[in-house]
Amino acid sequence: MPDVKTASHTVGTAEDRVDLKTMDRAALKDFVAEHGAPRYRGDQLFNWIYGKGVSDFDRMSNLPKRMRRGLQRDATVEDIEIVDQQQAADQTVKALFELPSGREAETVLIPDIDERGEARRLTVCVSSEVGCAMGCEFCATGLMGFRENLTPGAIFDQVWHMNEVAHERFGRPVTNVVFMGMGEPLLNYDAVLESIDILTDEDSLNLSAQKITVSTVGLARRIKDLADDQLRTNLAVSLHAPDNETRSDIMPVNEAEKTSLPALKEALQYYSQTTGRQITYEYCLFKGVNDSEEDARNLAEITRWAPSKVNLLMYNPVEGLHFERTSETQLDRFVQVLVQEGVTVTVRRSRGQDIDAACGQLANEEE
Ligand code: SF4
């Protein structure tokens, strides 16, 4: 097989071989077809890579020997591996993955344990980038700045390996995936959508799209793209402030007109009308910043833009940042106002705080 260069897929390791983990099923079929093999060979490759976790072409026994030789010469399957793992007191597991570039990404497995001590839900919080360019003032990842986009395969691998951890530690597979780790998923749009296609493929992990949530800082144009591309997963928007001024103070992305609250409103209404899906607003309470009763009333107004619900989060302090956690009393008042306004609201308690695995705390220590 000669070298392949396509616009949408990264080419080249050190030896200029194409990494098949940058491809989903459709791209693998295109890849083999471009090299004169029947398209069903792409399905076979898919099954080996994403169904069986095999990256050694020699083990792909149903591929012809000549094709395997060609793949060895011109392609690689770049796996990512867990290099460190920590478990919190509440059984949340944080894993550090080494990427082919040598950089590291963090992933969290969050068990929802019932009264009998069994995990009824196992959620993997995946990273879509190393670092993040969005620079939210309260976020440890934002402090790092942007480093690297993850490939579809690297996003998939986080879930694959955490699925193994889930079996080892809790005796059952991963049930949910949230794109709430490092990075802004909609800035790595194609790779995130391709990874979702892989994760939900019945020959791979066969996860339900309804059990996957993509969480965005609120990039209006990309939210419209999601609607047009008929995203089948849940959409969460990190709102964190109920008015333009406060939001711009803590989330620089809001300063630009095309990503400000009015633009977000228009995009979310388009998304809602196009998909018929409910939107989840993530709202982290910061003491004295966005936790007043007036803020709650303004937030209630926003929930009327389109069918939606609110997840309230308690802030997990990050070293070097000046934000503080809201008191339980203020939280209660805030919830009360929302309930009076008819808003569906859930309070999400932080998990894995003692290992810095909670929301907003992900950042490689060495970074
Ligand atoms: S909160 Fe999300 S979007 Fe904002 S800096 Fe952190 S990772 Fe990026």
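Helices here are DSSP runs of H or I with at least four residues, numbered from the N terminus. The model is predicted.

**Exercise 1. Describe helix H11 and what follows it.**

Step 1. Locate the helix: H11 covers residues 328-340, 13 residues in total.
Step 2. Check its span. From the first C-alpha to the last, H11 reaches 18 Å. At 1.5 Å a residue, 18 Å is expected, and the value is close to that.
Step 3. Look past the end. Glycine 342 follows H11, and its phi is positive, near 80°.

**Exercise 2. Describe how H10 packs with H11.**

Two packed helices are described by the angle between their axes and the distance between the axes.

Step 1. Take H10, residues 293-302. H10 and H11 pack at about 35°, with axes 9 Å apart.
Step 2. Find the handedness: H10 passes H11 in a right-handed crossing.
Step 3. List the contact. H10 supplies Glu293, Ala296, Arg297, Leu299 and Ala300. H11 supplies Arg333, Phe334, Val337 and Leu338.
Step 4. Sort by class: six residues of the H10 and H11 contact are nonpolar, none is polar and three are charged.

**Exercise 3. Classify the crossing of H1 and H2.**

Step 1. H1 is residues 25-34 and H2 is residues 40-51. Their axes come within 7 Å and cross at roughly 130°.
Step 2. Apply the cut-offs. Angles of 65 to 115 degrees count as roughly perpendicular, and those over 145 as roughly antiparallel. The crossing angle of roughly 130° therefore makes H1 oblique to H2.
Step 3. The crossing of H1 and H2 is right-handed.
Step 4. On the H1 side, the contact has Arg25, Leu28, Lys29, Phe31 and Val32. They meet Arg41, Gly42, Asp43, Leu45 and Phe46 in H2.
Step 5. In the contact of H1 with H2, five residues are nonpolar, one is polar and four are charged.

**Exercise 4. Do the same for H5 and H6.**

Step 1. H5 spans residues 152-170, and H6 spans residues 189-199. Their axes come within 8 Å, crossing at roughly 45°.
Step 2. H5 is therefore oblique to H6.
Step 3. H5 passes H6 in a right-handed crossing.
Step 4. Pro152, Ile155, Phe156 and Val159 of H5 make the contact with Ala191, Val192, Glu194, Ser195, Ile198 and Leu199 of H6.
Step 5. The H5 and H6 contact has eight nonpolar residues, one polar and one charged.

**Exercise 5. Describe the shell around the ligand.**

Step 1. Name residues in the shell. Among them are Cys132, Cys136, Cys139, Met134 and Met182. Glu184, Val217 and Ser238 also surround the ligand.
Step 2. Sort the shell by class: six nonpolar, five polar and one charged.

Technical notes: Residues numbered from 1 in each chain as written. Predicted model: local features only at pLDDT ≥ 70, side-chain atom pairs only at ≥ 80, totals over all residues. Axes fitted to C-alpha atoms, helices over the stretch in contact; angles between N-to-C directions. Helix = DSSP H or I, 4+ residues; strand = E, 2+ residues; numbered from the N terminus. Parallel < 35°, antiparallel > 145°, perpendicular 65-115°, else oblique. Left-handed = near helix turned anticlockwise from the far one by under 90°. Contact = placed C-beta atoms within 7 Å. Nonpolar A, V, L, I, M, F, W, Y, C, P; charged D, E, K, R; others polar. Expected span 1.5 Å × (residues − 1). Near = placed C-beta within 6 Å.
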